[in-house]
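Open the model in your viewer and get ready to select residues by number. We will go from stop to stop, and at each one I will tell you what to look for.

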Amino acid sequence: MATRVGIIVLSGTLDKVMPAFIIGTTAAAMGMEVGMFFSFYGLNAIHKEKHKNLKVSPIGNPAMPMPVSVPQILTIMPGMMDFATSMMKGMMEKHKVPSLEQLIRQAKDLEIKLYPCQTAMTLFGYTVDDLIDGVEKPVGAATFLSFVNAGDKSIVLNF
């Protein structure tokens, strides 16, 4: 049995979801079995509509590169989240980083198991019909952890 990688996606921001999918698809391409567990706001990454509009929040993110030095207090101004998101997407396009949609498609092609969290779905009132095609049936944390634990070696990452 191969190494199993479990990736827990709790955040619904683009700057957290992208690295989760990049690491997941890379691990799968290296022959590892990968399962991604989407809970709380991370569930929006596999929501049919909401995944198209994930944002980057500059608030509380002092490491975020800005074209000019911006005091952290100014990141709460209206429009800064849209500006940060646009800037990030522009940098991704310039450097040919795949979009979230491309990474989701690649994850499905690589047979990564995309597990929606049943508890979060209940909490937010989502149904299976709200989710993108190709995800696993909603599961609890125990099912996801059993998947990860069944590998010869297990790696768990949290985003």
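Here a residue is called buried when its relative accessible area is under 20%, exposed when it is over 50%, and partly exposed in between, using a 1.4 Å probe and protein chains only. You are looking at a predicted model, in which local features need pLDDT of at least 70, side-chain atom pairs count only at pLDDT 80 or more, and totals for chains, interfaces and linings use all residues. Residues are numbered from 1 along each chain as its sequence is written, and side-chain values use heavy atoms, with hydrogens and water left out.

**Stop 1: Ser39**

Select Ser39 to begin. With a relative accessible area of 5%, Ser39 is buried. Its place is the loop between E2 and H2; helices (H or I, at least four residues) and strands (E, at least two) are DSSP runs, numbered from the N terminus. Which residues is Ser39 in contact with, leaving aside its neighbours within four places in sequence? Show Val9, Leu10, Cys117 and Ala120, and you have them. Contact means heavy atoms within 4.5 Å.

**Stop 2: Phe40 and a surface patch**

Now move to Phe40, which is in the loop between strand E2 (33–38) and helix H2 (80–94). Phe40 is not a glycine, yet it has a positive phi of about 45°. Its relative accessible area is 40%, so it is partly exposed.

Keep Phe40 selected and add Leu10, Tyr41, Leu123 and Phe124: together these residues make a nonpolar surface patch of about 480 Å². Patches are made of residues with over 30% relative accessible area and no salt bridge; like charges are joined within 9 Å, and nonpolar side chains (Val, Leu, Ile, Met, Phe, Trp, Tyr) within 5 Å. The areas come from the Shrake-Rupley method with a 1.4 Å probe, and for residues only the protein chains shown count as cover. Phe124 belongs to helix H4 (residues 118–124) and is partly exposed, with a relative accessible area of 30%.

**Stop 3: the salt bridges**

How many salt bridges does the structure hold? There are 2, where a salt bridge is a side-chain nitrogen of Lys or Arg within 4 Å of a carboxyl oxygen of Asp or Glu.

Select Glu33 and Arg4 for one of them: their side chains meet at 3.0 Å, N to O. This pair links distant parts of the chain, with Glu33 in strand E2 and Arg4 in strand E1 (residues 4–9), 29 residues apart. Glu33 is partly exposed at 29% relative accessibility, whereas Arg4 is buried at 13%.

Next, select Glu49 and Lys52, which form a salt bridge with their closest N and O atoms 3.4 Å apart. Glu49 is partly exposed, with a relative accessible area of 46%, and Lys52 is partly exposed too, at 41%.

**Stop 4: Lys96 and helix H3**

Go on to Lys96, in the loop between H2 and H3. Lys96 is not a glycine, but its phi is positive, about 60°. Is Lys96 buried or exposed? At 73% relative accessibility, it counts as exposed.

Then select helix H3 (residues 100–109) and pick out Leu100, Leu103, Ile104 and Ala107, which are buried. They cover an arc of only 100° around the axis, which puts them on the same side of H3; the arc is that of the directions from the helix axis to the C-beta atoms. An α-helix has 3.6 residues a turn, so residues three or four places apart point the same way. Show helix H1 (14–29) as well, since what covers the buried residues of H3 includes it. Just after H3, finish at Glu111, which takes a positive phi of about 60°.
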